[in-house]
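Take a walk through this model with the sequence at hand. We begin at a turn, then move to the annotated residues and the ligand.

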Amino acid sequence: VGPDVIDIRKLYGQTGKFTYDPGFLSTASCNSTITYIDGDKGELLYRGYPIEQLATNCDFLETCYLLLNGELPNQSQKDEFVGRVTNHTMVNEQMQFFLRGFRRDAHPMAVLTGLVGALSAFYHDSTDINNPEHRKIAAIRLIAKMPTLVAMAYKYSIGQPFVYPKNDLSYSGNFLRMMFATPCEEYKVNPVLERALDRIFILHADHEQNASTSTVRLCGSSGTNPFAAIAAGVACLWGPAHGGANEACLNMLEEIQAMGGMSKVGEFMEKVKDKNSGVRLMGFGHRVYKNYDPRAKLMQETCNEVLAELGLENDPLFALAKKLEQIALEDDYFVQRKLYPNVDFYSGIVQRAIGIPVPLFTAIFALARTVGWIAQLDEMIGDPEYKIGRPRQLFVGAAKRDVAPIASR
Ligand code: ACO
């Protein structure tokens, strides 16, 4: 408990008083050792390591190991961990019958919420959240199976056969192959796209107590199984104010492009600043960052690399995004409110260039965030002070009254 932090339990104890903090703007819900954000400086650390160093020097599975275990792995620890993950990349064959029950035009996040929750019906040896061994196996299973499930949902949506995991590929390479390979031709993983995707996964892996992570903690605090808790996180992430922002951002860029592109940027920004329009600059602003989101910088670099690799340097949406950013950074509306690009501002452009369809963007985010959710869940359950999450309310409804017979209502 630091000088600016009050332990409300000690302050109010059982006296019946409580704080009112809609949106949890100034309420810490837990102690955590996983991720640190300095929103004013625009700094993000996983277990103490700056995100820039992790994104440059590590791959996604090393980052997963770090988030789950607190330390980066040495080579033999990494080999063992990668071996365990690849051992679990397949999903029970019955899962495809469950998947086939969905309409082919279902939103991938609707499908993913169902599939992740359904894992608890297939893997009974990892459903006891209070058993550390069960939590460990559930963590490995979730990290390993998410790419398979997302790729299956995609293949199903376009009517192509499922592609089974190929375990001699990297985590990201395997995902690209499951997404884009067909039985008709050899699929060769492009190393630039593989690295870009891996970086997207690293940048999205955890972000302390955001809405979906808090949902996972709250859901898990009832003692439900890990798969159910992660499914709740997937559902929460879907919203456009959270993980759905990358999809919303790309749709926004496409709309501006359809309106006339560059020549309409000024008009669009006027609409954003008009409070009555209900239009926001998607991919901008953050509850915690009041400076540039460090992930957005890395994502912009990745965007440059991917577009150069694919010969798309003149991509009109990238040009639009850069123009919007340039205007916003010089405009009083954004400067006064400390609104900067967040991770979603450029991630959609990268994903679209890789060939990932827009409705799948949030599912990719869910895939990457799974490790953060499960690490946070594990931390909570392992904390001797943990209790079921149960916020209070200020009741502002009707006073006590009597039920009248239906004929006289
Ligand atoms: N465009 C225009 N105005 C904005 C934007 C935006 N993107 N974001 C915030 N504002 C304005 C608000 O209208 C408000 O103005 P006011 O003080 O005059 O009323 C002020 O900035 C503060 O905004 P709040 O909504 O109160 O900030 P909050 O912390 O609750 O919301 C949020 C943060 C949800 C991210 C918001 O900035 C937003 O909606 N951004 C667009 C969606 C988005 O990109 N979400 C992704 C977040 S990152 C992630 O989940 C990975």
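**From hairpin to ligand**

Strands β1 and β2 make a hairpin, with four residues between them. In the turn sits glycine 42, whose phi is positive, about 75°. The two strands run antiparallel and are joined by four bridges. β1 covers residues 35-38, and β2 covers residues 43-46. Find isoleucine 37, and you will see leucine 44 of β2 opposite.

Now look at the two faces of β1. Its side chains alternate. Thr35 and Ile37 point to one face and are buried. Tyr36 and Asp38 point to the other face and are not buried.

A word on confidence. This is a predicted model. The chain has an average pLDDT of 94, and 99% of the residues score at least 70. The ipTM is 0.96 and the pTM is 0.93. Where pLDDT is low, predicted coordinates should not be read in detail.

Next, the annotated positions. Which residues does UniProt list for "active site"? An unreviewed UniProt entry gives His286 and Asp344. They span 59 residues in sequence, yet their C-alpha atoms are no more than 10.6 Å apart, so they gather at one spot.

Start with histidine 286. It lies in a loop, between α13 (265-273) and α14 (294-309). Is histidine 286 buried or exposed? It has 23 C-beta neighbours inside 10 Å, so histidine 286 counts as buried; the cut-off is 20 or more. Setting aside residues up to four places away in sequence, histidine 286 touches Asp293 and Asn342.

Turn to aspartate 344. This residue is in helix α17, which covers residues 344-354. Aspartate 344 has 29 other C-beta atoms within 10 Å, so it too is buried. What does aspartate 344 contact, leaving aside its neighbours within four places in sequence? The partners are Ala245, Asn246, Cys249 and Gly283.

Ala245 leads us on to the ligand. There are 18 residues around the ligand. Those that come nearest are Ala245, Arg280, Phe284, Gly285 and Arg287. Ala245 thus appears twice: in contact with aspartate 344, and among the residues that come nearest to the ligand.

What is the make-up of the shell around the ligand, in nonpolar, polar and charged residues? Eight are nonpolar, six are polar and four are charged.

Conventions
Residues are numbered from 1 along each chain as its sequence is written. This is a predicted model: local features need pLDDT of at least 70, side-chain atom pairs count only at pLDDT 80 or more; totals for chains, interfaces and linings use all residues. A residue is near a molecule or strand if its C-beta atom, placed from the backbone, lies within 6 Å of it. Ala, Val, Leu, Ile, Met, Phe, Trp, Tyr, Cys and Pro count as nonpolar, Asp, Glu, Lys and Arg as charged, and the others, Gly among them, as polar. UniProt positions are given in the numbering used here, feature names are shortened, and annotations may be inferred rather than shown by experiment. A residue is buried if 20 or more other C-beta atoms lie within 10 Å of its own, exposed if 12 or fewer, and partly exposed in between; C-beta atoms are placed from the backbone. Two residues are in contact if their C-beta atoms, placed from the backbone, lie within 7 Å. pLDDT is the predictor's confidence in each residue, from 0 to 100. Two strands pair if DSSP finds at least two bridges between them.
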